[in-house]
Structure formats: C-alpha cells, structure tokens
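Colleague: Got a minute to go through this one with me? I'd like to talk about the cysteines and then the charged pairs.

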Amino acid sequence: MRIAILVVSLLGPALLGLALPGLAVPAAAQAPGCTVTPGGPETVIDAIVLTDGPAPGYGRVVVGADGRIACVGAACRAAGPSPRRIACPGYVLSPGLINPHDHIDFTGIAPLPDRGERFVHRHEWRKGLDGHTELKDAVPDHDPELIAWGELRMLLSGVTAMVGEDMAPGLVRNLDFATGLDGVPMRPVTYQIFPLDDAPGIMRTRDCDYGHHPSGPDDVAASQAFLAHVAEGTGDAARNEFRCLSTGLYDTTPQPGGGGTSQDLMQPHMTILHGVGLRPDDLAVLRRRGVRLVWSPRSNLALYGRTLDVLAARRLGIPVALGTDWLPSGSMNMSREFACALRYDDQSLHGALDMRDLWRMATMGGALATHADAWLGSIAPGKLADLVLFHPGADPFAAVVRATPAGVALVLRGGHVLYGDAALTAGLALPDCEPLTVGGVAKALCIRRDQPFSYAMLRADMGRRHVYPLATDGPPPNEPPCETLAETSARLPDAPLTAGRSGSRP
C-alpha cells in the first residue's frame with residue numbers, strides 16, 4: 001500500500017483512472033480524472049488527503065449528513081445507502097483555507113499603480129502624516145453585493161472561513177459574526193483595528209497617551225479570540241504600541257479623560273495582526289504568553305517594504321496564520337497571498353519555508369488564530385466538513401500553495417458544494433448551479449441555497465460598476481508589489497521611498 005500511495009502521489013494525472021485496493025470506485029459519471037456519483041445525504045471522497053502527519057497519502061473521507069467529518073481512513077464506509085461519491089485518485093483534498101485577516105468592505109477599492117512610496121507607520125498613509133501621501137480613496141463600502149463579490153474572490157481560491165469586518169450570508173463562514181458562523185459552535189471573534197483608540201492618527205514613542213478608550217485585558221479575556229492590529233509599521237511609533245499593550249509597568253500615568261496607561265493584553269486569547277515592528281524579544285513575550293500571529297506579507301511589503309519576522313516566530317513555535325489584509329495594498333485572494341509568500345521566501349528567506357509550512361499557515365494556522373481549531377483547520381472525525389479538492393500536483397502541498405482558482409476542483413462548506421469544476425458538479429447532479437469560466441476551465445457556482453444573489457446578478461452589477469475582477473488568469477491589474485524596500489529602491493530609484501520624517505513623533 002505504501003508503494004501504491006507513493007506512485008499515485010508522484011504520477012497523479014497518469015494514474016487518475018486507477019483505484020487502490022479496498023477503495024473500489026463504482027461506475028458512474030466521469031469527470032476528468034475523477035468518477036462521481038450523485039446521492040446523499042452522506043458524501044464519500046477518495047483522494048490524496050492532506051494531514052499534518054508524516055506524509056499525505058491516498059485515502060477516504062466520509063462526510064455525514066450533519067455536515068461533519070464522520071470518518072477518515074481507507075476502511076471508512078458510509079453509514080447509509082447510496083451516498084454521494086467523489087473519487088479523484090490523483091487530486092488533493094485539503095481542509096478549507098482560513099483567512100483570519102481581511103477588510104472585505106474595501107472590495108470596491110482597486111489597488112493603484114505603485115509609485116514606490118513606502119511608510120513607517122499606518123497612520124502616515126491613513127492620514128497623510130509626516131509629509132506622506134494620504135490614501136484618500138480608501139473608503140469602506142458596505143454594499144451587500146460588493147461584500148458578496150469579495151467573498152466570492154476568496155471562495156474561488158479555496159477559502160471557506162474568514163474574518164473580514166463585514167459579511168455576506170451563505171458564502172464563506174464569517175468567524176467575526178454570530179450570523180456568519182453557520183454551525184460552528186463558538187462565539188464570534190473580536191476584530192479590533194484600533195486597540196489603543198488611536199484612529200485619529202495618534203502616534204507615540206515614549207508613553208501611552210493615545211485615545212481615552214483603549215481595549216483592556218478584560219476585553220481579551222472575554223473574547224473567543226481577540227484579533228488586533230498591533231505594531232503595523234517599522235519605526236519607533238509602531239513598536240511603542242506593543243510596549244503599551246504588553247505590560248502594565250511601561251506607562252503608569254493616566255491622561256485626563258481616560259486612557260494613557262499601558263496594559264497587558266498579551267494572553268492566550270490574543271492574536272496580533274501584522275506585527276511588522278515586533279523585535280525578537282517581543283516575539284519571545286508572545287511565545288511565553290500563548291499569543292498567535294497573522295502574517296500579511298503582500299500588504300506589509302507594499303506599504304512598508306518590510307514584514308513580520310516570520311522565521312523568528314517559527315523558531316519560537318508561535319502559531320502563524322496567513323491573511324490577505326485588504327484589496328488596496330494586499331492580495332485579491334489566498335492564491336495571490338500564497339504567491340507573495342513564496343516569492344518572499346525565495347528572495348529574502350532563502351527557501352526556509354516549505355510548502356507544508358505555508359499550507360499549515362492557511363489551514364490550522366488560521367484556525368489557531370481564531371481559536372476555531374476544535375472545529376476547523378484539519379481533516380479529522382468530528383470536525384466540520386469544510387474541504388477543498390485541488391487539481392493534482394507533483395507535490396501534494398504544492399498543489400494547494402501553487403493553485404490558482406482554476407486549479408480548485410471543488411469547495412465544500414459543511415459538506416455542501418459551493419464551487420468547483422463544472423464536470424464534477426454536473427456529475428453530482430447539484431441543483432441551482434451557475435456556469436462560469438475561470439482560467440479557461442469550465443466551473444460552476446452553487447451558491448443560491450443560503451444567499452440572495454445569483455452569480456449572474458453579481459457579475460452584471462459589478463461589471464457596470466467596473467469593480468475589480470472576480471478572478472484573473474495571472475497577476476491581477478496593478479497588483480501591489482511583493483518586494484522589500486531594497487528591491488523597490490533598485491526598481492524605482494527615484495521613488496519617494498521614505499518621504500517625510502520617520503513617524504517617530506512623541
């Protein structure tokens with residue numbers, strides 16, 4: 001069996017018609033490389049199953065009628081008669097990807113051509129401080145159609161759950177909304193953009209005199225997970241945020257009206273978004289306190305020319321997730337965030353991260369960041385059947401990390417198919433599916449069960465409004481650069497890389 005698994009894993013497409021002993025595939029409708037049979041309410045999937053064990057191999061996953069994984073292993077059988085069957089011997093079955101950091105209400109704000117300007121703190125581009133250019137067009141829009149369009153971008157890349165600050169019903173799970181959990185028996189996570197109440201553009205370097213209503217330790221302790229923007233920048237003002245949120249001893253003098261003192265929010269329910277300005281000793285504090293991190297390399301590099309010290313975090317054993325941040329300076333979907341992470345790893349980390357590392361960040365890493373790991377993030381009995389089937393690749397983990405939306409064969413949320421190859425959805429006789437073509441591949445969206453918009457309606461309305469595309473065959477228009485400050489300086493020697501001052505105002 002071990003030899004057979006290795007052969008199927010390596011040769012994939014050449015052996016897609018074969019079934020291994022004990023996993024006989026019934027005669028049924030044929031999709032390229034797969035055999036599918038309609039039925040229900042259970043689902044049986046035969047594919048290369050990705051787990052965090054020693055090596056992935058060809059196996060079977062049974063999804064119960066309740067939308068949970070009932071069994072994982074070659075000996076698994078459906079409990080009832082006539083289950084739906086999906087047999088794709090060379091394809092790769094992964095847990096659904098989890099994106100714990102996006103601002104989906106900026107779906108309508110397309111990225112602008114890169115001028116090369118880089119910043120040392122987020123308030124410089126937010127407010128035009130220190131002589132920098134303000135991103136005046138970055139205004140949120142909560143139009144439900146825009147939100148649905150943004151979530152569809154994520155869904156097409158294999159995302160089945162996210163934290164996005166807004167939500168559309170019936171698409172991906174929205175872990176920051178009670179109405180978006182869709183069966184996950186947890187409380188919604190807390191998503192805090194300004195934990196220091198510094199939204200007006202307050203930057204400090206030697207004290208904690210920010211806004212009068214900062215978040216406190218009780219807010220973190222009372223949360224399922226407390227996801228907060230901290231140290232988003234490279235200068236002293238960015239690191240000062242961590243000082244004010246990691247100890248009660250740094251600033252003990254309150255300011256009139258409230259706030260002004262440092263507080264210790266670094267506890268197990270805390271998840272830091274960005275963390276660009278964190279130093280190794282700061283990361284050591286996170287490790288001791290059980291804090292998690294979310295890495296958004298494209299947005300960090302496009303705005304600051306630098307990103308989280310992800311290797312130091314990994315050496316310390318801090319769980320790291322991968323998040324897209326937002327469209328104006330980040331990635332349009334998880335496929336493009338993977339692409340940036342791969343480039344950064346190759347150019348700056350000398351290949352220190354492997355495919356399994358990046359896959360783990362987008363699956364269990366996202367589940368740990370949101371404290372949803374009891375229900376999501378891995379393929380195991382009892383967990384919710386948020387599953388994604390990817391087209392074959394020479395390496396199973398690379399099949400996920402290097403996939404484009406065209407390479408996503410099937411997306412299931414709680415056992416329900418939402419997107420996939422048209423040949424698979426047709427073979428499964430799924431109702432209410434709408435055709436679309438992605439990267440030259442015939443696909444289908446089956447999204448009408450729980451949400452009000454048809455794909456045809458969304459496509460027409462977004463086309464009239466010239467909204468950024470749902471998917472692209474390659475890099476999308478004006479994609480924010482995924483390069484360090486030195487690389488940008490070499491590419492654009494006359495760019496205003498560090499216009500204005502350093503952002504280190506008292």
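Colleague: Let's start with Cys-88: buried or exposed?

Modeller: Buried, with a relative accessible area of 0%. Keep in mind that this is a predicted model.

Colleague: And which residue does a disulfide join to Cys-88?

Modeller: Cys-34, with an S to S distance of 2.1 Å. Cys-34 counts as buried too, at 2% relative accessibility.

Colleague: Where do Cys-34 and Cys-88 lie?

Modeller: Cys-34 is in strand E2 (residues 34–37) and Cys-88 is in strand E6 (residues 84–95), so the pair ties together parts that are 54 residues apart in sequence.

Colleague: Is that link left-handed or right-handed?

Modeller: Right-handed, with 120 degrees about the S-S bond.

Colleague: How many disulfides does the structure hold?

Modeller: There are 5 disulfides. If you number the bonded cysteines in sequence order, the pairing reads 1-4, 2-3, 5-6, 7-10, 8-9.

Colleague: OK, what about Cys-71, what does it form a disulfide with?

Modeller: With Cys-76, and the sulfur atoms are 1.9 Å apart.

Colleague: Why is the disulfide of Cys-71 and Cys-76 called left-handed?

Modeller: Because the torsion about the S-S bond is about -75 degrees. As for burial, Cys-76 is buried with a relative accessible area of 3%, while Cys-71 counts as partly exposed at 24% relative accessibility.

Colleague: And Cys-433 with Cys-446, how far apart are their sulfur atoms?

Modeller: They are 2.0 Å apart in that disulfide. The torsion about the S-S bond is about 105 degrees, so the disulfide of Cys-433 and Cys-446 is right-handed.

Colleague: Which parts of the chain does the pair link?

Modeller: Two loops, with the cysteines 13 residues apart. Cys-433 is in the loop between helix H13 (422–427) and strand E18 (434–438), and Cys-446 is in the loop between strand E19 (441–445) and helix H14 (455–464). Cys-446 is buried, with a relative accessible area of 8%, whereas Cys-433 counts as partly exposed at 27%.

Colleague: Switching to charges. How many salt bridges does a search of the whole structure find?

Modeller: It finds 25 salt bridges. One of them has the side chains of Asp-114 and Arg-491 meeting at 2.6 Å, N to O.

Colleague: Where do Asp-114 and Arg-491 sit along the chain?

Modeller: In distant parts, 377 residues apart. Asp-114 is in the loop between strand E7 (97–99) and helix H2 (122–127), and Arg-491 is in helix H15 (residues 485–491). Asp-114 is partly exposed, with a relative accessible area of 29%, and Arg-491 counts as partly exposed at 40% relative accessibility.

Colleague: Show me a buried one. What does Asp-386 form a salt bridge with?

Modeller: Arg-173, with the closest N and O atoms 2.6 Å apart. The pair links distant parts of the chain, 213 residues apart: Asp-386 is in the loop between helix H11 (364–369) and strand E15 (387–390), and Arg-173 is in strand E9 (residues 173–174). Asp-386 counts as buried at 6% relative accessibility, and Arg-173 counts as buried at 1%.

Colleague: And within a helix? How far apart are the closest N and O atoms of Asp-357 and Arg-360?

Modeller: Those are 3.3 Å apart, and the two residues form a salt bridge. Asp-357 and Arg-360 are 3 residues apart in helix H10 (residues 355–362), so about one helical turn separates them.

Colleague: Asp-357: buried or exposed?

Modeller: Buried, at 12% relative accessibility. Arg-360 is partly exposed, with a relative accessible area of 28%.

Colleague: Which residues are linked in a network of salt bridges with that pair?

Modeller: Asp-52, Arg-314 and Arg-356 are in the network along with Asp-357 and Arg-360.

Colleague: Last one, a change of topic. Where does Pro-56 lie?

Modeller: In the loop between strand E3 (43–49) and strand E4 (57–63). Pro-56 is buried, with a relative accessible area of 15%.

Colleague: And what separates the C-alpha atoms of Pro-56 and Leu-93?

Modeller: A distance of 9.8 Å, with the two residues 37 residues apart along the chain.

Note on methods: Residues numbered from 1 in each chain as written. Predicted model: local features only at pLDDT ≥ 70, side-chain atom pairs only at ≥ 80, totals over all residues. Heavy atoms only, no water. Salt bridge = Lys/Arg side-chain N within 4 Å of Asp/Glu carboxyl O. Helix = DSSP H or I, 4+ residues; strand = E, 2+ residues; numbered from the N terminus. Buried < 20%, exposed > 50% of the residue type's maximum accessible area, 1.4 Å probe, protein only. Disulfide = S-S within 2.5 Å.
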